[in-house]
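User: I would like to learn how to read a structure like this one, going from its overall make-up to its particular sites. Could you take me through it step by step?

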Amino acid sequence: MLQATVKSGFKEDVCVLITLPTQRWTYLCDCGYASALSIREIKNLQAIFISHTHIDHFCNFDTILRHQLPIGRKVLIFGPKGIARNVQAKFLAYNWENLTVDDKQVFYEIHELQREGYVKIYEIRSPAWELVEVGEEETDVIYQTDMFKVRFCLLKHGIDCAAYSFELHPTLNLKADLPYKRGQWIREVKNAYRLNQPNQILQLEEGTFKASELFPYLEENRGIKIGYVMDHAPTPENHAKVIQLLKGCDELYIEAYYKHEDLEMAIHNQHSTAKFSGELARKVGARRVFPIHFSRRYQTEEMIEEVVQECLDAFESEGEELIVG
Ligand SMILES: [Zn+2]
Ligand SMILES: [Zn+2]
């Protein structure tokens with residue numbers, strides 16, 4: 001199970017926490033101010049996924065840093081081109097003369113999403129906080145554990161804005177009508193299936209089998225998929241990219257910055273509208289949509305509720321379709 005929790009209140013800047021119920025590790029999408037984010041959740045962060053560094057998505061990074069200083073391990077930060085310098089600038093904003101280099105301090109590995117499929121990796125450590133280039137990767141999967149993986153695409157919002165897809169690995173179960181005695185071979189046949197090795201020979205109590213002969217007894221359960229899509233211009237190119245990344249996702253967390261009546265402003269500021277975001281979620285085939293990032297022109301809870309409703313109506317209606325490039 002992969003779980004997303006919105007940590008920012010309706011008047012706060014956006015921040016979503018990703019957790020797995022069986023693990024203490026946490027993962028963060030954006031660092032808008034979020035009063036519901038606890039110190040324990042911050043200390044357990046393994047990776048931070050920044051959509052872009054407009055202030056409303058990055059201003060709370062200082063709080064994260066404040067609580068992570070003594071954790072004594074690496075934390076990963078992902079974000080579009082320029083994120084490494086943006087992170088470094090946060091450190092350079094303070095004096096660190098009381099810090100000595102020891103193994104109790106946090107250090108960061110910054111993965112800069114330079115373009116789709118290409119990531120540059122930097123490291124930054126106390127007390128000098130110099131950026132050191134440590135590698136590059138040509139990959140679409142930017143983060144992976146034994147439970148889930150993360151993919152991304154870059155949307156146009158003036159600057160690049162990264163959209164992320166959190167995908168729980170599918171699980172393999174055995175069908176109930178299994179005619180063989182269970183044993184060590186179950187783990188082996190699952191591995192053979194995952195690694196596409198149908199000719200592997202497996203020893204069962206009943207005899208010797210090729211893995212492919214046992215594959216029919218496996219059942220694949222689709223993993224859960226959560227999408228995080230922040231600021232983007234409502235263009236066919238952006239919409240096509242979101243659909244490609246998040247097709248059939250279970251939950252889509254998406255900006256709904258303006259009401260559709262403010263479309264002119266949305267286009268000028270390269271933002272989506274609630275209606276466009278709802279239509280996009282429908283096009284994606286998302287099971288549920290969560291509009292979560294709103295303009296500060298909508299000041300009251302009632303106004304925000306209207307924006308949310310506009311998004312949900314567009315998601316559920318069969319009306320006008322987005323043009324997808
Ligand atoms: Zn922005
Ligand atoms: Zn924003």
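Analyst: Let us begin with the charges, bearing in mind that this is a predicted model. The chain carries 37 positive and 48 negative charges, and the mean positions of these two sets are 5 Å apart.

User: How many helices and strands are there in the chain?

Analyst: The chain has 10 helices and 18 strands, and its C-alpha atoms fill a box of roughly 70 × 60 × 35 Å along the principal axes. Of its 325 residues, 52% are buried, and among contacts with a separation of 6 or more, 62% join residues 24 or more positions apart.

User: Which residues are the protein donors of the zinc ion (ligand 1)?

Analyst: A donor here is an N, O or S atom within 2.8 Å of the metal. For the zinc ion (ligand 1) the protein donors are His52 (NE2), His54 (ND1), His157 (NE2) and Asp231 (OD), at 2.2 to 2.3 Å, and their spacing along the chain reads H-x1-H-x102-H-x73-D.

User: Why is the arrangement of the four donor atoms called irregular?

Analyst: Four donors count as tetrahedral if all angles lie between 85 and 135 degrees; around the zinc ion (ligand 1) the angles run from 88 to 172 degrees, and the arrangement is therefore irregular. His52 sits in the loop between β4 (45-49) and α2 (55-58), and Asp231 in the loop between β16 (225-229) and α7 (236-246), so the pair ties together parts 179 residues apart in sequence.

User: Are His52 and Asp231 buried or exposed?

Analyst: The cut-off for buried is under 20% relative accessible area; His52 counts as buried at 0%, and Asp231 counts as buried at 1%. Asp231 also bridges the zinc ion (ligand 1) and the zinc ion (ligand 2), which lie 3.7 Å apart.

Conventions. Residues numbered from 1 in each chain as written. Chains lettered and ligands numbered in written order. Predicted model: local features only at pLDDT ≥ 70, side-chain atom pairs only at ≥ 80, totals over all residues. Heavy atoms only, no water. Donors = N, O, S within 2.8 Å, 3.2 Å for Na, K, Ca; no water. Tetrahedral: all angles 85-135°; square planar, octahedral: opposite > 155°, others 65-115°. Helix = DSSP H or I, 4+ residues; strand = E, 2+ residues; numbered from the N terminus. Buried < 20%, exposed > 50% of the residue type's maximum accessible area, 1.4 Å probe, protein only. Contact = heavy atoms within 4.5 Å. Lys, Arg positive; Asp, Glu negative; His and termini not counted. Charge placed at Lys NZ, Arg CZ, Asp CG, Glu CD.
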